[in-house]
Amino acid sequence: MEILLWLVPPAVVTVVAMVWVSWLGRERTAPDRLEQVRRIGSALEQPPRAGYAVPPSRRDRSTGVAVRRPGAD
């Protein structure tokens with residue numbers, strides 16, 4: 001019985017590998033290039049969203065460590 005317990009982990013690894021290989025080899029639909037170009041073009045036409053720009057921080061000249069701005073709490 002103990003030898004059978006030793007065979008369980010390799011069997012599990014084998015089954016997982018077989019499932020992964022079958023998923024990897026599945027048929028995929030070809031991407032629609034015109035749709036991708038249209039989506040990228042429409043994203044580039046939109047104005048940039050506010051709030052993503054990070055203001056530059058001041059650094060102490062002697063140490064190079066960022067200095068907290070007053071009122072930034």
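These legends walk through a few close-up views of one predicted model.

**View 1. The whole chain, from one end to the other.** Let's start with the overall layout of this predicted structure. The chain has two helices and two strands. If you follow the sequence along, these elements come in the order α-α-β-β. How much of the chain is buried? Buried residues account for 0% of its 73 residues. The chain exposes about 7,600 Å², and carbon and sulfur atoms supply 64% of that area.

**View 2. How confident the prediction is.** Before zooming in, it helps to know how far to trust the picture. The average pLDDT of the chain is 79, and 79% of the residues score at least 70. Where is confidence highest, and where is it lowest? Helix α2 (residues 33-45) comes out highest, with a mean of 92. Strand β1 (residues 58-59) comes out lowest, with a mean of 70. Keep one general tip in mind as you look around: where pLDDT is low, the predicted coordinates should not be read in detail.

**View 3. A nonpolar surface patch that includes Trp6.** Here you can look for a group of nonpolar side chains at the surface. The patch covers about 840 Å². Its members are Ile3, Leu4, Leu5, Trp6, Leu7, Val8, Val12 and Val16. Take Trp6 as your landmark: this residue sits in helix α1, which spans residues 2-24. Is Trp6 buried or exposed? Its relative accessible area is 60%, and exposed means over 50%, so Trp6 counts as exposed.

**View 4. The salt bridge in helix α2.** Now move along to helix α2, where Glu35 and Arg38 both lie. The structure holds one salt bridge, and Glu35 and Arg38 are the partners that form it. As a general idea, side chains of opposite charge can pair when their charged atoms come close. How far apart are the closest N and O atoms of Glu35 and Arg38? They are 2.6 Å apart. The two side chains are also joined by a polar contact of 2.6 Å. Along the sequence, Glu35 and Arg38 are three residues apart, which is about one turn of the helix.

**View 5. The surroundings of Glu35 and Arg38.** Stay with the same pair and look at how much of each residue is accessible. Glu35 has a relative accessible area of 30%, while the value for Arg38 is 48%. Partly exposed covers the range between under 20% (buried) and over 50% (exposed), so Glu35 and Arg38 are both partly exposed.

How values were computed: Residues are numbered from 1 along each chain as its sequence is written. This is a predicted model: local features need pLDDT of at least 70, side-chain atom pairs count only at pLDDT 80 or more; totals for chains, interfaces and linings use all residues. Side-chain values use heavy atoms; hydrogens and water are left out. Patches are made of residues with over 30% relative accessible area and no salt bridge: like charges are joined within 9 Å, nonpolar side chains (Val, Leu, Ile, Met, Phe, Trp, Tyr) within 5 Å. Accessible areas come from the Shrake-Rupley method with a 1.4 Å probe; for residues, only the protein chains shown count as cover. A salt bridge is a side-chain nitrogen of Lys or Arg within 4 Å of a carboxyl oxygen of Asp or Glu. Helices (H or I, at least four residues) and strands (E, at least two) are DSSP runs, numbered from the N terminus. Buried means under 20% relative accessible area, exposed over 50%, partly exposed in between (1.4 Å probe, protein chains only). pLDDT is the predictor's confidence in each residue, from 0 to 100. A polar contact is a pair of N or O atoms within 3.5 Å; within protein, one must be able to donate a hydrogen and the other to accept it, and residues adjacent in sequence count only if both atoms are side-chain atoms.
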